[in-house]
Structure formats: structure tokens, C-alpha cells
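Please find below a colleague's note on the model under review. The points are numbered for ease of reply.

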Amino acid sequence: MTVSVTDTEVRVFDLETRMPFHFGNVEVTEIPKVFLRIDAEIDGETRTGTAMGGLIPGWFYKDPDMRLADGLTNMIEVFRAGVDHARRLEPAPTAFACWWSLYERQREWASGTDHPPLLWSYGVSLVEQALIEAVCRRKDTTFADAVRENSLGIDLGRIYEELSAYEPADLLPAEPLTSTAIRHTVGQEDPLTDNDLAPESRLDDGLPQTLAEYVRQDDVSHFKIKLSADVERDRQRLVDIAELLADLSVTEYRCTVDANEGYESVKEFKRQWTSHADEPALADLFERLTYVEQPLARDDAFTSATKDVLERWDDAPPIIIDESDGRIDSAGTALEYGYAGTSHKNCKGVFKGVVNACLIAYRNRTDTDQQYVLSAEDLTTVGPVELLQDLAVTATISADHVERNGHHYFRGLDAFPESVQNEVLEVHGDLYRRHEDGFPTLDVQDGRLDLTSVVDAPFGVGATFDTDEFTPVDEWLDRLHA
């Protein structure tokens with residue numbers, strides 16, 4: 001097989017959140033979405049692939065002093081560099097080989113900039129996602145089958161030598177999941193009950209707003225709770241959530257907590273965590289805790305002091321990285337430093353996520369003293385492309401619960417052109433339903449999503465969308481800086 005990217009087009013579509021989204025010291029009220037269309041020549045025939053990404057500079061920089069316009073411009077610069085490099089690459093024998101060459105080219109380019117690894121690699125992953133779709137369409141196969149048959153050419157040993165003897169099918173479950181539990185995000189400022197909502201904050205958009213409403217309407221039983229790293233504030237927040245779930249008779253639940261780099265040191269995190277663990281009112285919640293996500297700043301996660309504390313902490317919860325996962329082999333580094341694993345998001349790389357899933361599976365087979373974790377997290381993904389491709393990967397690596405917060409912070413696909421809305425409902429009527437007010441929204445039944453149409457599609461998306469209705473990137477940038 002030969003693979004090359006021959007043409008690219010980048011457009012932008014502006015979206016506003018239905019309520020503010022808080023993580024760390026960042027508040028988000030709008031997330032422009034980038035659409036990339038590529039033409040790829042695969043074995044002499046041209047196929048089109050599409051990818052979609054969100055412009056959330058606050059997650060990549062965590063710099064409260066950065067102007068939003070500057071962060072958005074930086075992200076567009078990274079995306080454009082990725083597509084420019086992709087067009088200049090020599091034909092590659094596999095999709096994986098093409099991705100590897102692009103990653104190296106982008107890494108070399110980024111070394112002369114101030115772009116953090118998480119950001120410049122996002123520029124690679126956007127091209128990667130579109131390329132995977134194009135290859136799957138050319139091969140008339142699904143992503144799950146392409147991974148297990150390895151028609152994408154995934155070379156596990158290229159990243160981790162300990163996996164050199166294995167193919168993805170040797171380490172992944174034999175079949176992809178066809179449903180998954182939705183892990184509902186409970187943001188730092190998200191209301192738990194009506195008592196937390198001032199009258200002027202109550203939305204009238206047909207969707208739930210409080211945690212209690214989501215539990216009652218969607219039967220969600222998996223939760224991702226954001227921490228603030230303020231010990232008293234977090235203790236009360238956790239107690240309130242535990243008491244609410246008990247009042248709602250939600251007993252068989254699972255939860256994770258996300259610290260979003262909030263703690264100054266691993267010793268401070270351990271001190272606060274021990275304090276929470278000793279709180280009787282939190283006993284039930286802590287019994288249902290699956291893992292803690294990224295307590296330390298990304299630059300402090302891999303230090304000798306961190307490694308020493310994590311290795312000596314006998315009753316530590318499983319702790320994983322997220323923002324520290326900026327390099328291809330960051331997951332392996334995390335395991336060396338005493339972490340239990342890492343997270344998957346398509347923005348960090350599809351092939352990287354598959355390889356990480358294989359690494360975690362291998363370690364769980366060979367090291368019975370610890371349970372290793374690959375979680376599935378969200379960067380506020382939505383349809384018609386971004387969410388579906390992300391779910392295709394999580395189904396393939398068998399993530400049995402995934403954080404999906406786009407359904408919470410956006411009003412379904414209401415903002416998109418009607419033609420896009422209708423196409424999604426026609427092709428993915430298991431994943432989406434038509435809301436009583438007319439717009440497509442995720443169809444969450446018993447706290448789960450039906451992934452059948454996502455798994456059966458070439459790469460999550462069963463339809464092809466005309467992106468000409470969205471704004472060309474140069475025009476969008478001119479408007480941004482006007």
C-alpha cells in the first residue's frame with residue numbers, strides 16, 4: 001500500500017456553550033470547531049477524509065494571562081503547519097508510517113516555537129484522523145477491523161520495544177464494544193440541584209442543567225468530578241455529591257476525580273487526599289472511585305520527588321496523567337514514575353491511543369501486583385465528526401465508560417446547519433435522537449450510548465458532510481483580529 005496526502009482544506013465553525021465550562025483556572029464559554037478535509041491517494045485512488053477539532057487554548061496553555069485571540073491564533077498555526085507538512089511528505093507504505101513521518105516533521109518544526117507538545121501534536125492528530133478515515137473508506141473496512149487486521153500498519157515496537165513481538169489484535173479484545181457508559185462531568189461550578197441555580201441562571205433550552213436532572217432523565221451512573229485543590233471546598237463538594245447520589249438512590253455508581261494540575265506538589269496532594277479518605281461521609285464515594293486524574297502540573301509530574309512519593313505510597317488511589325501526556329511515549333514514562341496509566345483523547349493521537357491501550361493490556365498481563373488504567377476522557381467533543389471518531393477509538397480499545405461532556409455544555413447539534421442535523425439523525429439514529437424541540441441530541445439510555453452505527457462506519461462517521469457552509473480559515477482569522 002502507498003499513502004500520501006494530496007490536498008487539504010481547513011474551515012472553522014463557531015460554537016457557544018450553553019453554560020460556562022470550568023477546569024482549573026479556565027472558564028470556557030465558546031469553542032470554535034475546526035474542520036479539516038483531506039484528499040489522500042491510497043494505492044493509486046483518491047479518497048476523502050474529514051476530521052474535526054476544538055479550539056480550547058486554555059487546556060493546552062493553562063496561562064490565565066494569555067489573550068484568547070492569541071491562543072486561538074496559536075492553535076490555528078499548529079493545525080496549518082500539520083496540514084502543510086502532510087502535503088509535503090513522500091508517499092508512505094502505511095497510514096501508520098505516514099503518521100510517524102508527519103509527527104517527526106511537526107516535532108522538528110515545533111522545536112523552534114513556543115508551542116507545547118500537547119498542542120503541536122494536536123496538529124498531527126487532526127491530519128491523522130482524516131487520513132485514517134480516508135484509508136478505511138478506500139479499504140471498505142471499519143476502524144475496529146483495520147486495527148485488528150492491522151491494515152493500518154500499526155508498529156507497536158516502534159514506540160515500546162517490549163511490545164515488539166505483538167500485533168494490536170494480540171493485546172486488544174477480540175471485538176469492539178457496541179455500547180458504553182457515559183461518564184457525566186460534574187464541573188467545579190456546575191449546579192447539583194435547583195437550589196444551586198439562581199433564577200437568572202436557569203436555562204430554558206429543553207435539556208437538563210443540574211446533576212440531579214441528569215441522573216433522573218438519563219440514569220447516568222458514572223461521574224467525573226472536578227477538584228479545585230482547595231481542601232475544604234473539595235471536601236464539601238464531594239460530600240454534597242455523595243449525599244445527593246444517596247438521596248437519588250444511586251448506589252451502583254462509579255466515579256473519577258480530575259484535579260486538572262491543581263496541586264503544588266505531590267506531597268500536598270497526598271496530604272489533602274489522605275484528609276479526604278479519612279472523612280466518614282466520603283467512605284461510600286471513595287469505595288466507588290476508579291482513579292484520580294492529573295493532580296500535578298504537567299511539568300512537575302515526572303520528577304524524582306514525585307516518583308519517590310508515588311512508589312512509597314502504599315494505599316494511594318490509582319493516579320493517571322492527562323496534561324502530562326504530551327509525547328508519544330509519555331504513558332511509558334508515567335508507568336516508570338509510579339502512575340497507574342494515562343488517558344485517551346483523539347486530540348492526543350489515535351495511533352498513540354491504540355498503542356497505549358496495548359501497553360496497558362500487556363502490563364496488566366505481566367504485572368499482577370498493580371492494575372493499570374487507560375481512561376477515555378473528553379475535550380468537549382461534539383458531532384457531527386469529532387465525537388463519533390473519538391467514540392470509534394474508545395469502542396475499539398474497549399473503554400467501558402467514557403467522559404462525554406459535549407452533550408452537557410452544548411445544546412446538541414442545534415447550532416449546525418439543518419442539513420447536517422438531518423444527516424446525523426438519518427445515519428446515526430442509534431447514537432442521536434431528535435429532541436422534542438427539533439434538534440439532534442445524544443440518546444442516553446440507562447446511562448449508556450449505543451455505538452453500533454459508529455462501530456460499523458469506516459471511522460465513526462457514516463455520512464459525508466459538505467464543509468463549504470463553514471468559514472474558510474483565513475476569513476475566520478481576519479474576523480478574529482478585526
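The points that follow treat the overall fold, the aromatic pairs, the charges over rings and two individual residues.

1. The coordinates come from a predicted model, and every remark below should be read with that in mind. The chain is built from 18 helices and 17 strands. Its radius of gyration is 21 Å, close to the 23 Å that the globule rule gives for 482 residues, so the chain is as compact as a globular protein of that length. Along the principal axes, the C-alpha atoms occupy a box of roughly 65 × 50 × 45 Å.

2. Of the 482 residues in the chain, 61% are buried. The exposed surface of the chain amounts to about 18,700 Å², and carbon and sulfur atoms account for 41% of that area. When contacts between residues at least 6 apart in sequence are considered, 75% of them connect residues at least 24 apart.

3. Aromatic pairs number 25 in the structure. One of them merits a description in full: the ring centres of Phe 13 and Phe 416 are 4.8 Å apart and the planes meet at 25°; since planes under 30 degrees apart count as stacked, this pair is stacked. Phe 13 belongs to strand 1 (residues 3-13), whereas Phe 416 sits in the loop between helix 15 (406-409) and helix 16 (418-427), so the pair ties together parts that are 403 residues apart in sequence. Phe 13 and Phe 416 are both buried.

4. The aromatic pair of Phe 302 and Tyr 337 is tilted, with 5.4 Å from centre to centre and 40° between the planes. This pair also links distant parts of the chain, 35 residues apart. Phe 302 lies in the loop between strand 9 (289-293) and helix 11 (304-312), and Tyr 337 in the loop between helix 12 (330-336) and strand 11 (341-344). Phe 302 is partly exposed, because its relative accessibility is 24%; Tyr 337, at 21%, is likewise classed as partly exposed.

5. Tyr 337 has a further partner: Lys 307 is placed over the face of its ring, 5.5 Å from the ring centre. Arg 288 lies over the face of Tyr 253, where the distance to the ring centre is 5.1 Å. One aromatic cluster is formed by Phe 96, Trp 99, Trp 100, Tyr 103, Trp 120 and Phe 351.

6. Is Lys 33 buried or exposed? Lys 33 has a relative accessible area of 0%, and therefore counts as buried. Lys 33 is located in strand 4 (residues 33-42). A polar atom of its side chain lies 2.9 Å from the backbone oxygen of Thr 380, and the side chains of Lys 33 and Glu 386 are joined by a polar contact of 2.9 Å. Beyond its neighbours within four places in sequence, Lys 33 touches several residues, among them Arg 11, Phe 13, Met 52, Leu 379 and Val 382. Phe 13, one of these contacts, is also a member of the stacked pair described in point 3.

7. Ala 277 is found in helix 9 (residues 266-277). Its relative accessibility is 43%, so Ala 277 counts as partly exposed. Ala 277 and Arg 235 are 42 residues apart along the chain, and their C-alpha atoms are 9.8 Å from each other.

Methods:
Residues numbered from 1 in each chain as written. Predicted model: local features only at pLDDT ≥ 70, side-chain atom pairs only at ≥ 80, totals over all residues. Heavy atoms only, no water. Phe/Tyr/Trp six-rings, centres within 6.5 Å; stacked < 30°, edge-to-face > 60°. Helix = DSSP H or I, 4+ residues; strand = E, 2+ residues; numbered from the N terminus. Buried < 20%, exposed > 50% of the residue type's maximum accessible area, 1.4 Å probe, protein only. Lys NZ or Arg CZ within 6 Å of the ring centre and 35° of its normal. Rg over C-alpha atoms; globule rule 2.2 N^0.38 Å. Contact = heavy atoms within 4.5 Å. Areas by Shrake-Rupley, 256 points an atom, 1.4 Å probe, with all protein chains shown as cover. Polar contact = N/O pair within 3.5 Å; in protein donor to acceptor, adjacent residues only side chain to side chain.
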